[in-house]
Every structure is written in C-alpha cells, then in structure tokens.
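Okay, thanks for coming, everyone. I've got one structure to walk you through today, so let me put it on the screen.

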Amino acid sequence: MNNAYRCVIIILTHNTAGSLPASNRKGFFCMILNTVAAMSAGFVLNLMFGAPRGFLNPENFVSAFAQKLEKTLRKFYQDSPEAQRMAGAVLIFFVLLIFAGIPLALLILGYMFLPVLGLVLDCFFCWLAFSVRDTRIALSSIFRAVRSGNYNRAVKSLEALTGTD
C-alpha cells in the first residue's frame, strides 16, 4: 500500500499529522504537495481557458441529473410534507454519491495505479471546480455598468452570473 494511503487511513482513524509514524510523514507530505500542485494547475488552467463550456461544464450535467431525479422522486413521494422531505434527502444523497463519489473513486484508483494519472485527474477536477476567469469578467461588467449608471444592465449581468432573477 502506498505511503500516502497509509497516511490517509491513519488520519481517518483518529491520529493527527503530528502523531504520524516517521515512515508515513513523507507520504503525507507528498499527498499535500500533490493536492497543492493540482489546485494550482487547475487554477492556472481556469485563468487561461476559463470555465469549461458545454459537456464539460459540471453545472450543466449536475443540474440536468438533479432535475430528472427530482421528477422521478416527485412521482413516488407526493403524499405528505414528510415524504417530500425524504425525497429531498434521497435526491441529495444520490447527487452527492454520483458527483462526489465517482470522482473520488477515480482519484483513488488513479493515484493507486499510476500516480501521474491521479495528478492529471486531480488537476482536471480542480479546473472544473474553479470559475475564476468567468467570474472576474462578469464582475467587471457589473462594475462598469454600475459606474456608468446603467443599473438595468448591471442587474442583467448579475442575474447571468448568479443564475437567478
């Protein structure tokens, strides 16, 4: 078993980084270093290319999946408010299971079998998670509209940024 995974198991079973055995400290440091490198690379990718569009944009397929599952669950849980709350809990469980569990499993498998693949996947998922460039552009548009006194354009830009009206 890789030192980084031993380190994670030790941390999850109540030990802290300070009480790691000397042989696992190196693995723990490498795991932290990989995470920082992946986050940095994802951030730089986002600054260069912006948030992914279309198929790769997680907002598209997560919201589409959640809407389809919600329609299905509404058919089965229409009886009472308690049943609808249960349907909401089931919805949250499955969305998190699929959209957090699958990437986590891919990362663990990638790091176990080919650490470079794990790092590339980690960078890719970090790129998907950030939207720095697009947010900066939208906020600049809102700022320019407010400064010029065009409040309707500012409101429309804010609605586009937040996805609400």
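I'll go through confidence first, then the fold, a couple of buried residues, the salt bridges and a surface patch.

So, this is a predicted model, and keep that in mind throughout. The mean pLDDT comes out at 80, with 82% of the residues reaching 70 or more. Where should you be careful? Look at residues 7-17, where pLDDT stays under 50. For that stretch the model has 12 contacts beyond four places in sequence.

On to the fold. We're looking at seven helices and zero strands, so if you read the elements off from the N terminus, you get α-α-α-α-α-α-α. Out of 165 residues, 23% count as buried. Now take the contacts with a separation of 6 or more: 51% of those come from residues 24 or more positions apart. The accessible surface adds up to about 11,600 Å², and carbon and sulfur atoms own 69% of that.

Let's go inside. Asn 46 sits in helix H2, which covers residues 22-49. Is Asn 46 buried or exposed? Well, its relative accessible area is 0%, so Asn 46 is buried. And what does the side chain of Asn 46 reach? That would be the backbone oxygen of Phe 130, at 2.7 Å. If you skip the neighbours within four places in sequence, Asn 46 also has contacts with Ala 51, Trp 127, Ser 131, Val 132 and Arg 133, besides Phe 130.

The other buried one I picked is Ser 157, over in helix H7, residues 151-162. Ser 157 has a relative accessible area of 15%, and the cut-off for buried is under 20%, so Ser 157 counts as buried. Again leaving out neighbours within four places, Ser 157 is in contact with Ser 141 and Ile 142.

Okay, charges. Side chains of opposite charge can pair when their charged atoms come close. How many salt bridges turn up in a search of the whole structure? Two.

One pairs Glu 70 with Arg 74, and the closest N and O atoms there are 2.8 Å apart. Both residues lie in helix H3, residues 58-76, and they're four residues apart, about one turn of the helix. Glu 70 is partly exposed, at 33% relative accessible area.

The other one is Arg 85 with Glu 82, where the closest N and O atoms are 3.7 Å apart. That pair lies in helix H4, three residues apart, which again is about one turn of the helix. Arg 85 has a relative accessible area of 55%, so Arg 85 is exposed.

Last stop, the surface. There's a nonpolar patch made of Leu 104, Ile 108, Leu 109, Met 112, Phe 113, Leu 114, Val 116, Leu 117 and Val 120, and together they have about 890 Å² of accessible area. Two elements give two or more residues to that patch: helix H4, residues 81-113, and helix H5, residues 115-129. Which one gives the most? That's H4, with five residues. One of the patch residues is Phe 113, which belongs to helix H4. At 65% relative accessibility, Phe 113 counts as exposed.

And that's my tour. Happy to rotate things on the screen if anyone wants another look.

How values were computed:
Residues are numbered from 1 along each chain as its sequence is written. Side-chain values use heavy atoms; hydrogens and water are left out. Patches are made of residues with over 30% relative accessible area and no salt bridge: like charges are joined within 9 Å, nonpolar side chains (Val, Leu, Ile, Met, Phe, Trp, Tyr) within 5 Å. Accessible areas come from the Shrake-Rupley method with a 1.4 Å probe; for residues, only the protein chains shown count as cover. A salt bridge is a side-chain nitrogen of Lys or Arg within 4 Å of a carboxyl oxygen of Asp or Glu. Buried means under 20% relative accessible area, exposed over 50%, partly exposed in between (1.4 Å probe, protein chains only). Contact means heavy atoms within 4.5 Å. A polar contact is a pair of N or O atoms within 3.5 Å; within protein, one must be able to donate a hydrogen and the other to accept it, and residues adjacent in sequence count only if both atoms are side-chain atoms. pLDDT is the predictor's confidence in each residue, from 0 to 100.
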